[in-house]
Amino acid sequence: MPLPAALVDALDAHGQSHVVAHAESLSADEAARLADALSAVDLPALAGAHRAALASLRAEPDEVIVPLPASAVVSRAAAEERAEEYRLEALRAVAAGRVCGVILAGGQGTRLGYDGPKGAFDLGLPSRKTLFQLLVERARRVAALADDALGVSGSRLPVYVMTSPINEAATRACFAEHGFFGMDPGDVFFFLQGVLPAVTEQGKLILETRSSLALAPDGNGGIYAALDKSGALLDMERRGVSFVHVLAVDNPLSCLGEPGFVGCCVARGVQAGNLCVPKARWDERVGVAALRNGRFHVVEYSEISEDMAKRAAATGDRLEFGAANICNHFFTLDFLRNVVVPGMRATHHAARKAVPCVDDPAPKAPNALKLELFIFDAFPLADRFLAFEAPRESTFAPVKNATGADSPATARAAVTRLHAQWLASAGVALAGHGDCEVSPLVSLAGEGLDLLFERGAVVTLPASIDVARGAALLPLSGSLGRSGRAGRSARGARDGDSADGSARSTPAPTTPGAWRVHLDLARSAAAAGGAAPLTYEVVPEFSVPSTAELVVRALDRVDLARVTPVEALFLLSELKEIASGRKVVGRC
């Protein structure tokens with residue numbers, strides 16, 4: 001069945017008439033699908049992208065790559081010296097509704113052995129929280145800290161989630177099924193990453209089947225056009241947003257609206273910022289922030305010679321080209337809307353790939369160019385830019401591989417090391433072995449833990465310290481059974497949150513000093529052998545039930561068929577302590 005004449009003429013004018021050579025043999029449905037696919041292609045833009053991509057493949061020996069000037073770098077020492085100033089700057093902006101977060105979440109968990117959106121992947125932490133939940137809960141915590149710092153209520157940090165055609169439906173379903181992880185659904189905006197046709201070296205379109213084009217995602221740099229096309233930029237403007245914090249979904253230590261970084265960028269008045277960490281070693285295969293021909297760039301490791309990569313900075317405490325890019329960026333909304341969106345149209349890159357096509361369904365050698373954009377291609381467009389150096393151990397633990405380096409196991413280890421340090425600083429001792437996790441709703445960076453625990457308190461690993469679910473709790477054994485001393489900094493832990501982060505209706509206490517920590521045996525559901533993580537819950541200290549109510553509710557929550565003999569003895573001992581009045585109890 002022939003295609004519309006106007007479409008055929010347009011294809012012919014741009015040298016793409018080969019894709020309709022077999023149109024006469026297509027069914028009506030096939031012809032309609034092909035016509036729709038071809039009509040969606042901006043042929044002049046595709047030609048421009050192809051030219052830019054070919055140029056990116058050519059060597060450019062005249063390029064000059066040098067380290068960033070000191071004026072564009074905020075060192076770790078400088079950031080720590082002004083940490084409180086930057087933190088308050090960010091929290092003021094959050095309280096004023098001027099900050100939003102964007103999650104790059106178009107990828108699948110295929111390399112992790114998971115069939116679903118990477119953001120919905122469970123790392124195996126004691127809480128079993130997904131990457132999405134960790135990121136959203138940190139955004140909620142930042143908003144709560146803004147409330148606390150400014151003495152206001154209702155601060156919000158809206159979240160924009162970039163999906164892809166392969167995971168959009170599953171990502172939306174994940175958020176909906178888990179109550180948007182406690183965030184107001186109106187503060188979550190989903191938008192779709194774009195796709196581009198794969199082309200030959202000559203720029204010709206490739207048919208995947210007789211009625212479909214070979215398409216591929218346009219890279220994480222497609223975020224800018226996607227934000228514009230989806231209406232997300234207009235939504236940000238409507239909300240009064242001025243500052244946009246963008247990060248990748250695959251780092252469980254990332255924090256949307258990270259106060260130190262965002263506050264520094266706001267205070268310095270930059271158009272764009274790049275949160276970096278020190279390279280793990282000189283030959284780490286990672287891009288670094290640098291100047292290329294006098295403009296800010298992220299330079300790939302392959303573009304730096306061994307001598308350059310090994311060169312130490314003048315201070316001697318870091319590498320000259322050692323600011324590793326981790327896809328954690330700050331932009332002003334004005335810069336995105338007025339400079340980046342129009343300026344990114346001719347910055348495509350190309351990768352030679354083997355792409356299945358109608359003439360060769362299983363090519364063994366590269367036969368096509370996949371065109372893509374990189375998110376850091378926006379940096380050269382900025383006149384005011386900074387690289388913010390953050391400690392790697394508290395900032396970066398990527399999850400990219402199923403095993404080995406950058407795997408769920410290494411990410412869990414990084415979380416455990418960091419959170420164990422927080423607890424140790426709060427005077428808490430750790431017993432046993434296994435992972436240690438502090439919920440973002442309890443503490444963003446270790447703050448407030450000394451107010452929740454008495455010094456010398458003991459947490460048995462593996463363990464998760466989280467907010468209450470609004471259900472029956474058993475009191476905590478040992479020194480943790482004493483009343484906590486939480487002040488206003490604990491207010492961000494919203495009482496009544498369920499295990500998946502969705503909010504319940506129980507109100508949070510409105511007065512300081514009304515928090516306690518308990519061990520919830522029912523929530524720490526016993527696995528075979530008693531190896532399940534323990535859940536230490538932060539609960540508001542009000543509406544304390546009678547002893548009889550506590551015993552009945554606790555027994556009702558515990559699945560006695562799954563309790564081991566050792567756990568049964570412990571449970572019986574706890575209930576005896578309650579009945580005798582020797583054990584202090586908290587809210588049910």
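A salt bridge is a side-chain nitrogen of Lys or Arg within 4 Å of a carboxyl oxygen of Asp or Glu. Glutamate 447 and arginine 141 form such a pair, their closest N and O atoms being 2.9 Å apart. The model examined here is predicted. The bridge links distant parts of the chain. Glutamate 447 sits in the loop between β18 (429–438) and α14 (449–452), while arginine 141 belongs to helix α6, 306 residues apart. The two partners were assigned to separate accessibility classes. Glutamate 447 has 21% relative accessibility and counts as partly exposed. Arginine 141 is buried, with a relative accessible area of 0%. The cut-off matters here: buried means under 20%, so the value of 21% for glutamate 447 does not qualify.

Further salt bridges were examined. Side chains of opposite charge can pair when their charged atoms come close. A search of the whole structure finds 31 salt bridges. One of them joins arginine 82 to glutamate 85, with 2.6 Å between the closest N and O atoms. Arginine 82 is partly exposed, at a relative accessible area of 35%. Glutamate 85 also counts as partly exposed, at 35% relative accessibility. Glutamate 320 bridges to arginine 311, and here the closest N and O atoms are 3.0 Å apart. Glutamate 320 is partly exposed, with a relative accessible area of 26%. Arginine 311 is partly exposed too, with a value of 33%. Shared partners join other bridges into one network, made up of Arg156, Asp184, Asp187, Asp235, Arg238 and Arg239.

The nonpolar interior was considered next. The largest nonpolar core holds 82 residues. Within this core, Phe132, Val161, Phe175, Phe388, Leu449, Phe453 and Ile465 touch the most other members. Helix α6 (residues 131–150) supplies the largest share, nine residues. A second, separate core has 42 residues, among them Leu104, Ala248, Leu333 and Phe376.

Contacts were listed for leucine 449, leaving aside neighbours within four places in sequence. Leucine 449 is in contact with Trp422, Leu423 and Ala426. Val438, Val442 and Ser443 also contact leucine 449. Threonine 171 was treated in the same way. This residue is found in helix α7 (residues 168–177). Threonine 171 counts as buried, at 0% relative accessibility. Beyond four places in sequence, the contacts of threonine 171 are Pro117, Phe132, Val161, Thr163 and Phe190. Of these, Phe132 and Val161 are also among the residues that touch the most other members of the largest core.

One helix pair was analysed in detail. Two packed helices are described by the angle between their axes and the distance between the axes. Helix α8 covers residues 223–230, and helix α9 covers residues 232–239. Their axes come within 4 Å and cross at roughly 70 degrees. That makes α8 roughly perpendicular to α9. Leu227, Asp228 and Ser230 are the α8 residues at this contact. They meet Ala232, Leu233 and Met236 in α9. By class, the contact has four nonpolar residues, one polar and one charged.

Several backbone features were also recorded. The peptide bond from leucine 461 to proline 462 is cis, with omega near -5 degrees. Proline 462 has its place in strand β19 (residues 458–467). Two residues other than glycine were noted for positive phi values: cysteine 327, near 60 degrees, and aspartate 406, near 55 degrees. Cysteine 327 lies in strand β14 (residues 323–332). Cysteine 327 is buried, with a relative accessible area of 14%. Aspartate 406 is found in a loop, between β17 (385–389) and α13 (408–425). Aspartate 406 is partly exposed, with a relative accessible area of 32%.

Arginine 455 completes the set of residues described. The loop between α14 and β19 contains arginine 455. Arginine 455 is exposed, with a relative accessible area of 56%. Arginine 455 and serine 425 are 30 residues apart in sequence. In space, the two are 9.7 Å apart, C-alpha to C-alpha.

Note on methods. Residues are numbered from 1 along each chain as its sequence is written. This is a predicted model: local features need pLDDT of at least 70, side-chain atom pairs count only at pLDDT 80 or more; totals for chains, interfaces and linings use all residues. Side-chain values use heavy atoms; hydrogens and water are left out. A nonpolar core is a set of buried Ala, Val, Leu, Ile, Met, Phe, Trp, Tyr and Cys residues joined through side-chain atoms within 4.5 Å. Buried means under 20% relative accessible area, exposed over 50%, partly exposed in between (1.4 Å probe, protein chains only). Helices (H or I, at least four residues) and strands (E, at least two) are DSSP runs, numbered from the N terminus. Contact means heavy atoms within 4.5 Å. Axes are lines fitted to C-alpha atoms, for helices over the stretch in contact, and angles run from 0 to 180 degrees between N-to-C directions. Angles under 35 degrees count as roughly parallel, over 145 as roughly antiparallel, 65 to 115 as roughly perpendicular and the rest as oblique. Ala, Val, Leu, Ile, Met, Phe, Trp, Tyr, Cys and Pro count as nonpolar, Asp, Glu, Lys and Arg as charged, and the others, Gly among them, as polar.
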